[in-house]
Structures are given as structure tokens and as C-alpha cells.
Amino acid sequence: MSRFLARRLMQAVISVLGVTALIFFLQRLAGDPVLLLVSEGASQQAIDALRANLGFDRPVLVQFTDYMSDLARFDFGRSVVQQVPVVDIIGSRLPYTIWLAGVALLLALGVGAPLGVFMAMRRDHPLSRLGMGFVLAGQSLPTFWSGVLLILLFAVTLGWLPASGARETQSVILPAICLSLLSMATFARVTRTAVLDELSKPYIRAARAKGLSMGQVVRRHALRNSAIPVISIAALEIANLLSGAVIVETVFAWPGLGQLTIQSIAARDFPIVQAIVLLGAFVSIFLNLAADLLYSAVDPRIRLEGGK
Amino acid sequence: MTAPSRLGRWLPARLWVFAAILAVLALAALLAPWVAPQSPETQNLLGRLRPPGTEVRGITYLLGSDELGRDLLSRLIYGAQVSLTVAALSVLVSGTIGTALGMIAAWSGGWTSTIIMRLVDIVLSVPAILLAIITVAILGPGFVNVIAVLAFTRWPRYARVAYGQTLGLMNLPYVRLSRFMGASTPRVLLRHILPNIIGPIMVVVTLEFGLMVLFEAGLSFLGLGVQPPTPSWGAILSAGRNYVTTAWWIAVFPGLFLFLLILSVNVLGDHVRDVVEGRR
């Protein structure tokens with residue numbers, strides 16, 4: 001177990017370092033980073049001043065070590081446009097994204113997992129067929145389209161919910177539904193497969209032969225074992241929800257990190273974009289690590305394989 | 001009842017509707033200049049924001065018109081060109097690069113392998129849409145850049161599969177024999193390895209194609225994709241959001257086309273995977 005853990009941790013650390021370097025060199029490869037930051041038609045003087053100010057006139061390796069040591073101290077630099085530390089700007093937007101993704105995760109898991117269990121238990125029920133249709137459609141649904149449809153139906157036509165912004169508590173409902181659909185479909189599919197897998201095992205037949213009803217068998221035996229793949233998928237789905245927020249937040253004008261990303265690109269505020277991408281990468285590396293560790297913690301078979 | 005026809009065995013009846021959708025969209029894209037009722041860029045200020053089916057001065061707007069009086073159906077047909085071309089080219093480029101690097105990594109081993117496969121891990125650890133967004137932000141938007149960005153973001157998927165598959169084949173007797181008889185590395189890789197790993201690679205292709213359609217539309221939606229006036233579904237949908245209360249069709253139809261295309265590709269892709277993996 002400890003060897004598996006150590007190897008997996010090492011991988012995560014290398015990924016973190018690699019991503020950081022990748023983003024740095026991507027910017028340098030694309031040409032003069034200063035040109036990314038200035039508005040079009042800026043004078044050469046202004047460009048040179050900014051270059052010296054930001055330290056871009058120094059050798060690339062010096063810049064790289066500085067950049068890495070700044071990041072190690074969680075210093076993501078200053079916003080070019082607002083002249084405020086990037087960390088402060090991100091800090092003011094982050095709660096919105098966490099709130100949105102959190103509600104979406106609850107929705108996805110709360111609807112998706114029971115739907116999956118139902119589809120596994122009653123395979124030929126009309127509702128199960130409908131559910132399979134939803135699983136298929138949910139994976140092909142562009143969020144920027146489902147978002148518009150939700151706005152059209154619930155905000156424009158029915159007038160039940162606000163179409164955009166985050167002023168009221170119920171503002172979160174539409175973007176959260178929109179963001180959750182794909183994950184909901186994934187949870188339903190994974191849960192269905194996991195429960196079906198479990199139900200086909202001999203111990204289930206034994207439990208049935210003993211006289212337990214289908215419902216009892218599922219509740220007492222199958223659910224617990226089929227939770228393993230669902231839990232590890234959950235960690236990966238959180239990463240998907242966070243990156244899906246970029247588009248959903250744009251559709252619903254939700255003031256989180258996703259909207260900030262797009263606004264910063266439009267404003268050529270590159271330090272913010274870079275910080276968000278790094279943050280997204282770190283979170284997703286961490287969640288992948290968590291998924292693997294969780295998986296091996298609940299299922300000893302994986303631990304054995306990894307330790308070989 | 002007759003036995004299932006050869007076509008039926010090749011593609012089950014329930015999948016025909018998806019194949020038909022895909023074929024219609026592909027044909028529309030291919031024949032756009034002939035099938036589109038109007039030019040996608042002709043503006044008509046008298047025919048702005050007309051609902052589907054209205055006729056203005058002898059021009060019928062089957063799916064309505066947009067804020068500049070352009071025929072939405074024509075723009076969607078030309079948009080299919082953008083969608084399918086970008087997706088096909090980015091799959092082609094990322095597939096070729098990824099497969100080549102994966103095979104090379106497996107074949108050469110040592111440092112080359114470590115570096116390539118580490119890079120694969122690193123690129124895959126950044127959420128794909130974020131990586132695509134930051135690279136477009138650096139490179140700037142546009143047709144070629146979008147393909148380059150998508151290829152750069154997605155090649156590791158192919159590399160991983162090609163790497164694993166090649167490792168499994170490398171030490172088979174026929175491959176060793178061919179090396180023993182003096183075949184060069186490129187010859188062994190192209191003639192003996194590639195034909196045997198192409199099946200699993202094609203599975204990745206079918207999975208990735210729908211994703212590339214979605215990514216292109218997503219980038220265009222965010223204003224980072226193919227630039228106007230070239231019609232792209234994502235950009236049309238994005239512009240339509242401003243008129244959602246008065247002219248719902250501008251935002252609804254491009255999304256519907258997009259959804260049908262991705263759904264068909266995914267359903268057919270699932271079938272390809274089942275066939276390749278021998279489940280049916």
C-alpha cells in the first residue's frame with residue numbers, strides 16, 4: 001500500500017511541476033509575452049516599460065525560476081488591468097463557483113445515482129428506457145444549448161426563475177441544473193452498470209434463495225459494493241463540473257471563476273487566466289489522486305495490484 | 001421473416017436514423033453552395049429577426065432569419081462545414097501525432113519513452129477545455145489556430161492507446177522476425193505494428209470526434225473559435241442569446257443541429273467500439 005501511495009504521490013507532484021512548466025513555456029513559445037498584455041496600438045515605449053516592469057527583459061531561465069518560486073509562495077502576480085493581486089480577485093470569485101458546482105454535484109448525484117439503481121433493478125420498465133435515453137442524450141448535450149433552453153422555458157416563458165446573475169438565492173437553480181446534466185447522466189450510467197454487475201454475482205443469488213426480496217438484496221448487499229466505482233467517479237466528476245463552469249457561467253452571467261476566465265481573456269489580463277488554468281489543473285490532479293486513493297482504500301484488490 | 005440483410009448485420013436497424021442524420025449533415029456540408037437557399041452572408045435589413053417560415057420579397061426563411069436578416073438555415077448549412085472540417089482535421093492531426101509518438105515511445109523505450117509518456121500525463125492532467133482556452137488565448141482565435149489547439153490538447157489520448165498496444169505487439173514472433181531480417185524501424189512500425197493497432201485507435205477517433213465538434217462549438221460560443229462572418233454553430237448560438245426573448249430560433253436551431261450531430265457520432269461510435277472490441 002505505501003509503495004503504491006508513494007508512487008502515485010510522486011506522479012501527482014511531477015504532473016503539478018510539469019503543468020506549471022508547460023503553461024510557462026507555452027506563453028514564451030507563442031512569442032513576446034508582453035504583447036499578450038498590452039492593448040493594440042500601444043507605443044513601443046509603453047511596451048518596453050511594461051517589459052522591464054514585469055521582468056520580461058531578463059533571461060528566460062531566470063524568469064522561469066522566479067515564476068516557480070513565486071508560485072511556490074502562492075504568489076500569482078498582479079492583474080494587469082486592475083493592478084490588484086490575482087489571488088484577491090480569484091478569492092472574490094471562487095465562492096460562487098464552489099457554490100454552483102456544489103449544488104450541481106448534489107443534483108447530479110441525488111438524481112443520477114437513484115436513477116441508475118432503478119434502471120438496474122427494473123431493466124424493462126418504461127421509465128428505465130426513458131432513463132437510458134436521458135443517459136445517451138445527456139452525454140451529447142452542449143451546456144450552452146441546454147442553458148439557453150432552460151432560460152427560454154423557465155425564465156422567459158414561465159417566468160419562474162431568474163435568467164442570469166447571482167442576486168437571488170434561486171438564481172443558482174438554472175445554472176446548477178444546466179451544469180449537472182452531463183454528470184447526472186454519467187452517474188446514472190455508472191451506477192446502473194455497477195449495480196447490474198453486483199446483481200449478477202453468486203452471493204446475490206444465494207441471498208435471494210435465502211428468501212430476501214429484491215429490494216432487500218439491493219439495499220443490504222448490492223448497493224454497498226456497487227458504491228465503489230460511483231465514489232471514485234464522483235471525484236472525477238467534480239473536476240468536470242469545475243471546468244464545465246467556464247461555459248455555464250458565461251451562459252448565465254454567473255460571477256464565478258469561469259466568467260472571470262473569459263472576461264480576463266477579453267481584457268488581455270493574462271496573469272489571471274494563467275492562475276485559473278493552473279488552479280484548475282492542480283485541483284484536477286488532486287481529485288484524480290483522491291479518486292485513485294479512495295478506490296484503493298475501499299477495494300483491497302487494487303491495492304495488491306499496485307503494490308507489486 | 002427473412003434473415004437480417006448484410007446491411008442489417010453491418011449496422012443494426014435502430015442505428016439507421018443516426019447514420020441518416022450524420023449523412024444528411026455531411027452531405028449538407030459538402031454540397032453547401034448548392035443546397036443552401038441563400039448565401040450565408042447576404043444581409044437583408046428588411047428581413048431581420050423573421051420567425052421560421054416567413055416570406056419577405058420572395059425569400060422564404062425556412063428556419064427564420066437573424067439580426068442582420070441573414071437566412072438562418074443557410075448559415076447553419078455552412079456552419080456544418082466549419083463544424084465537420086474542424087473536427088475532422090483536428091482528429092486527423094492529433095491522431096497522427098499521438099499515434100506516431102505513442103508508437104515511438106513504446107519502440108524506443110528509455111528516456112524517449114519516459115519524456116513522451118510524462119508529457120502525455122501532464123497534458124491530460126489539465127482539464128481539456130481550460131487548456132484549449134489558454135492556448136487559444138495565447139495563439140489568438142481563427143480556423144487554423146483552433147485546429148492546432150485541439151490537436152495539441154488531444155494527441156495524448158491517442159499516444160496512450162498506441163503506446164499500450166505497441167508494447168503488446170513488439171515482442172511477438174513476427175515482429176521480431178521482421179527486425180531480424182533487417183527491416184528498418186519505420187518499416188516495422190508502419191507495416192507491421194500500425195495495421196494491428198489501428199482498430200483501437202479508431203475507437204479513440206470515434207470517441208474524440210464528437211468531443212471535437214463540441215469543443216469547436218464551445219470555443220466559438222466563447223468568441224475564441226472561428227471568427228465571424230464565417231458561420232459557426234457555436235458563434236450563431238452565442239449571438240442568438242441576445243435575442244432569446246424576441247427571436248428564440250437563432251439560439252435554438254444551431255444547438256439542435258449540434259446536439260443531433262454529437263448524438264449521432266456518439267451512438268455510432270459506441271457501435272464501432274462494440275464491434276472492434278468484439279462484443280457483438
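**A predicted two-chain helical model**

Buried residues account for 46% of the 308 residues in chain A, and this value, like those that follow, is computed from a predicted model. The secondary structure of chain A consists of 13 helices and zero strands, so that reading along the sequence gives the pattern α-α-α-α-α-α-α-α-α-α-α-α-α. The C-alpha trace of chain A spans about 85 × 60 × 30 Å along its principal axes, and, of the contacts in chain A between residues at least 6 apart in sequence, 71% join residues at least 24 apart.

An unreviewed UniProt entry places the annotation "domain: ABC transmembrane type-1" on residues 94-291 of chain A. Over residues 94-291 the chain is 81% helix and 0% strand, with the end C-alpha atoms 23 Å apart.

We turn next to the interface between the chains. Here 40 residues of chain A are in contact with 37 residues of chain B, and the two chains bury about 3400 Å² between them, 85% of it on carbon and sulfur atoms. On the side of chain A, the residues that lose the most area to chain B are A:Ser140, A:Phe144 and A:Trp145, which together provide 19% of what that side buries. The rule finds zero salt bridges across the interface of chain A and chain B, while it finds four residue pairs in polar contact there, with both residues at pLDDT 80 or more. Several helices of chain A, among them α1 (2-29), α7 (143-157) and α10 (214-251), each supply at least two residues of the side that touches chain B. That side of chain A divides into 28 nonpolar, twelve polar and no charged residues.

Although the rule finds zero salt bridges across this interface, a search of the whole structure finds nine over all chains. Side chains of opposite charge can pair when their charged atoms come close. In chain A, A:Arg73 forms a salt bridge with A:Asp70, and their closest N and O atoms are 3.2 Å apart; A:Arg73 is exposed, with a relative accessible area of 55%, whereas A:Asp70 counts as partly exposed at 27% relative accessibility.

Chain B offers further examples. The side chains of B:Glu208 and B:Arg154 meet in a salt bridge with an N to O distance of 2.9 Å, and because B:Glu208 lies in helix α9 and B:Arg154 in helix α7 (residues 143-170) of chain B, the pair ties together parts that are 54 residues apart in sequence. Both B:Glu208 and B:Arg154 are buried. A salt bridge at 2.7 Å, N to O, also joins the side chains of B:Arg273 and B:Asp270; these residues are three apart in helix α11 (residues 249-276) of chain B, and are therefore separated by about one helical turn. B:Arg273 counts as partly exposed at 25% relative accessibility, and B:Asp270 is partly exposed with a relative accessible area of 27%. In addition, B:Arg118, B:Asp121 and B:Arg160 are linked in a network of salt bridges.

A last stop is B:Pro231, which is found in the loop between α9 (185-221) and α10 (233-240) of chain B. B:Pro231 is buried, with a relative accessible area of 4%. Leaving aside residues up to four places away in sequence, B:Pro231 touches B:Pro40, B:Arg75, B:Tyr78, B:Gly79, B:Val82 and B:Ile236. B:Pro231 and B:Leu72 are 159 residues apart in sequence, while their C-alpha atoms are 9.8 Å apart in space.

Technical notes: Residues numbered from 1 in each chain as written. Chains lettered and ligands numbered in written order. Predicted model: local features only at pLDDT ≥ 70, side-chain atom pairs only at ≥ 80, totals over all residues. Heavy atoms only, no water. Contact = heavy atoms within 4.5 Å. Buried area = accessible area lost by both parts, 1.4 Å probe. Salt bridge = Lys/Arg side-chain N within 4 Å of Asp/Glu carboxyl O. Polar contact = N/O pair within 3.5 Å; in protein donor to acceptor, adjacent residues only side chain to side chain. Helix = DSSP H or I, 4+ residues; strand = E, 2+ residues; numbered from the N terminus. Nonpolar A, V, L, I, M, F, W, Y, C, P; charged D, E, K, R; others polar. Buried < 20%, exposed > 50% of the residue type's maximum accessible area, 1.4 Å probe, protein only. UniProt positions renumbered as here; feature names shortened; annotations may be inferred.
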